[in-house]
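Biologist: I am new to this structure and would be glad of a close look at one part of it. Could you walk me through that part slowly, once we both have the picture in front of us?

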Amino acid sequence: MSDNKRAAERYELPTLTAEVDGMECVLLNVSSTGVLLGDMANKFALGEPITVYIFIPLKHGMTNLKIKGTVARSDGVSIGVNYKTPTRTWDRLLKVLSTLW
């Protein structure tokens, strides 16, 4: 879990991976309303719509969640993407995953 003052709790989940435009990227942290992606140096502009696929390992294989959001911040190396909570259970799933790894 990451310490910060954001409204939604952030989780550092090393077992999750992410992909944007067919490019694998580092998922630094994730919350019910946003994700911080590394290795994205100057690839997207602020305010740009973006689709992120988050890959989640489950007992019987990998599944993915397609999330449409907007680039909210960029520091030249990583980007922060804001999105509406993709499912009613997303926050609960993140909490469960944080206890497993």
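Which residue in E6 stands opposite Leu36? Please start from there and show me what surrounds that strand.

Modeller: Happy to. One thing to keep in mind throughout is that this is a predicted model. The residue you are asking about is Gly80, which stands opposite Leu36 in E6.

Let me step back for a moment so that you can find your way. The protein contains six strands and one helix. Reading from the N terminus, the order of elements is β-β-β-β-β-β-α, with the helix following the strands. The C-alpha atoms occupy a box of roughly 35 × 30 × 20 Å along the principal axes. For 101 residues, a compact globule would be expected to have a radius of gyration near 13 Å, and the protein agrees with this because its own value is 13 Å. Of those 101 residues, 37% count as buried. Looking at contacts between residues at least 6 apart in sequence, 49% of them join residues at least 24 apart.

Now to your strand. E3 covers residues 34-38, and five of its five residues are buried. In a regular strand, side chains alternate between the two faces of the sheet. In E3, Gly34, Leu36 and Gly38 belong to one side, while Val35 and Leu37 belong to the other. Both of these faces are covered, with each of the five residues buried.

What lies alongside E3? One partner is E6, which spans residues 79-83 and pairs with E3 in the antiparallel sense over four bridges. Your pair, Leu36 and Gly80, belongs here, as the two residues stand opposite each other. Another partner is E2, made of residues 23-30, which also pairs with E3 in the antiparallel sense over four bridges. Here Val26 stands opposite Gly38. The link from E2 to E3 is a hairpin of three residues.

Ser32 sits in that loop between E2 and E3. Is Ser32 buried or exposed? Ser32 is buried, because its relative accessible area is 11%, and the cut-off for buried is under 20%. Leaving aside residues up to four places away in sequence, Ser32 touches Ala8, Glu9, Tyr83, Thr85, Pro86, Trp90, Asp91 and Leu94.

Back on the neighbouring strand, Val26 is a residue of E2. Val26 has 36% relative accessibility and therefore counts as partly exposed. Not counting residues up to four places away in sequence, Val26 touches Leu36, Leu37, Gly38 and Asp39. Take Asp39 from that list: Val26 and Asp39 are 13 residues apart in sequence, yet their C-alpha atoms are 6.2 Å apart in space.

Asp39 itself belongs to the loop between E3 and E4, the strand at 49-58. Asp39 is exposed, because its relative accessible area is 52%, and exposed means over 50%. Its backbone deserves a glance too: Asp39 has a positive phi of about 60° although it is not a glycine.

If you move outward from E2 on your screen, you can follow the pairing one step further. E1, residues 17-20, runs antiparallel to E2, and three bridges join the two strands. One of the matched pairs is Val20 with Met23 of E2. E1 and E2 form a hairpin with two residues between them. Asp21 lies in this loop, and its phi is near 50°, a positive value in a residue other than glycine. With a relative accessibility of 62%, Asp21 counts as exposed.

Finally, a look at the outside. The accessible surface of the protein comes to about 6100 Å², and carbon and sulfur atoms account for 51% of that. There are 12 positive and 10 negative side chains, and the centres of these two sets lie 9 Å apart.

To return to where you began: Leu36 faces Gly80 across the pairing with E6, and Leu36 is in a strand whose five residues are buried. E2 is also paired with E3, and E2 is joined by bridges to E1 in turn.

Note on methods. Residues are numbered from 1 along each chain as its sequence is written. This is a predicted model: local features need pLDDT of at least 70, side-chain atom pairs count only at pLDDT 80 or more; totals for chains, interfaces and linings use all residues. Side-chain values use heavy atoms; hydrogens and water are left out. The radius of gyration is taken over C-alpha atoms; the globule rule is 2.2 Å times the number of residues to the power 0.38. Buried means under 20% relative accessible area, exposed over 50%, partly exposed in between (1.4 Å probe, protein chains only). Contact means heavy atoms within 4.5 Å. Accessible areas come from the Shrake-Rupley method with a 1.4 Å probe; for residues, only the protein chains shown count as cover. Lys and Arg count as positive and Asp and Glu as negative; His and the chain ends are not counted. The place of a charge is taken as NZ of Lys, CZ of Arg, CG of Asp or CD of Glu. Two strands pair if DSSP finds at least two bridges between them.
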